[in-house]
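Colleague: I would love a close look at one part of this model. Could you walk me through it once the picture is up?

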Amino acid sequence: MNETSELTNILAETAGRLFTDHVTRDSLDAAEQGTWPADLWQQLEENGLTQPLAPEELGGLGAGFAEAFVIAFAAGSGRAPVPLVETMTAGWLLGRAGIEVPSGPLGLIDGAAGLSVDDGALSGTVKGVPWAAKSTHLVAEVDGTVRLIPTDTVQITPDTNMAAEPRDTVAFDNVEPMASGVLGEGGGLAAVRVVGAAMRAAQMAGACEKAISLAVLHAKDRQQFGRPIAKFQAIQQMLSRAAARAAQARAAAEVAFIALDRAVAKDTAEAWANAEMDVAAAKVVTGEAAEIVYDAAHQTHGAIGFTYEHELHFTTRRLWAWRGEFGAETEWAEEIGRRVLGRGAENLWPDLTARQMG
């Protein structure tokens, strides 16, 4: 076993244990009412899970995207009610821009829509910022420049997505960042959108796996006509199809993280463009898988699966919410289509067959 795989296994085991121990029905209920899970966040920070991607000299773990994948996947499966993947992504952006990463949860602004820059100061309003009111700082990328902004310098109006996760509105009024730095080489898209989409894909893959697990357990326990419904062929076929799509979602997301590692290592426009394509494919695949898994899980549970008292909705509401964040699958499918058309029909087959998996 090499060093990388050892670290990956350690991070996966640690993340899974922390979410199992700290994320309960009660803690999820409390989080939806606005209670910050301080114990969980403290444990995540102490175990190095909040900053795996930032360089060690700037306050991170110095790991790669392959290691970050298992944390993001576990966060999705564990339905972690904290801005873990946002903080991971923000830390990577700061590290790449040469900015020291502050402690605490970080809010991540997807794209620069609504923001203007005048002599380095930011003005404008951005909606749907994950966990802004719970964050110590915000990280924004505007025209390839990363900016670090303390949250006490902006006006935040709380809001939520359909999973009751904080998605706040942030107003900037000629706000001076406390630090800024240039990202350097990249592809054609904003790095925050690309890495954020990869993180959501990993979370969705984890949530798909969790939903299937809950459905299988229910099918084994639920009796109908004197036997568990898991014995009925229709249920078996439906769950098998959903499980296959969940596995496909995980594979697609993992490939995207591998491509991001390759892009970081090569740091060429071509490598970043290839990574963007793999991230686009992952967001499309996980988005389509989410719909199939959602249907199968709720059909298996029947009416009880739609009640607030049952825990299934904590997973499926997140699946629906995450589908549209950092670009829905329709947007990413259009991006793939534009690039394929731009490359020309003669390059489609060579581009597909020449893609590297590791």
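Colleague: At what angle do helix H5 and helix H6 pack, and how far apart are their axes?

Modeller: Happy to, and please keep in mind that this is a predicted model. Helix H5 covers residues 84-96 and helix H6 covers residues 191-221; the two pack at an angle of about 150°, and their axes are 10 Å apart. Angles over 145 degrees count as roughly antiparallel, and H5 and H6 are therefore roughly antiparallel to each other. The crossing of H5 past H6 is right-handed.

If you would like to pick out the side of each helix that takes part, H5 brings Val 85, Glu 86, Met 88, Thr 89, Trp 92 and Leu 93. From H6, these meet Ala 191, Val 192, Val 195, Gly 196, Met 199, Arg 200 and Gln 203. Sorted by class, the contact of H5 with H6 has eight nonpolar residues, three polar ones and two charged ones. As for the spacing along each helix, an α-helix has 3.6 residues a turn, so residues three or four places apart point the same way.

Met 88 also leads us to another neighbour, since the residues touched by Thr 50 include Met 88, along with Leu 84 and Thr 87. Thr 50 sits in the loop that runs between helix H3 (38-46) and helix H4 (65-78). Its other contacts, leaving aside residues up to four places away in sequence, are Trp 41, Leu 44 and Glu 45. With a relative accessible area of 7%, under the 20% cut-off, Thr 50 is therefore buried.

Notes:
Residues numbered from 1 in each chain as written. Predicted model: local features only at pLDDT ≥ 70, side-chain atom pairs only at ≥ 80, totals over all residues. Heavy atoms only, no water. Axes fitted to C-alpha atoms, helices over the stretch in contact; angles between N-to-C directions. Helix = DSSP H or I, 4+ residues; strand = E, 2+ residues; numbered from the N terminus. Parallel < 35°, antiparallel > 145°, perpendicular 65-115°, else oblique. Left-handed = near helix turned anticlockwise from the far one by under 90°. Contact = heavy atoms within 4.5 Å. Nonpolar A, V, L, I, M, F, W, Y, C, P; charged D, E, K, R; others polar. Buried < 20%, exposed > 50% of the residue type's maximum accessible area, 1.4 Å probe, protein only.
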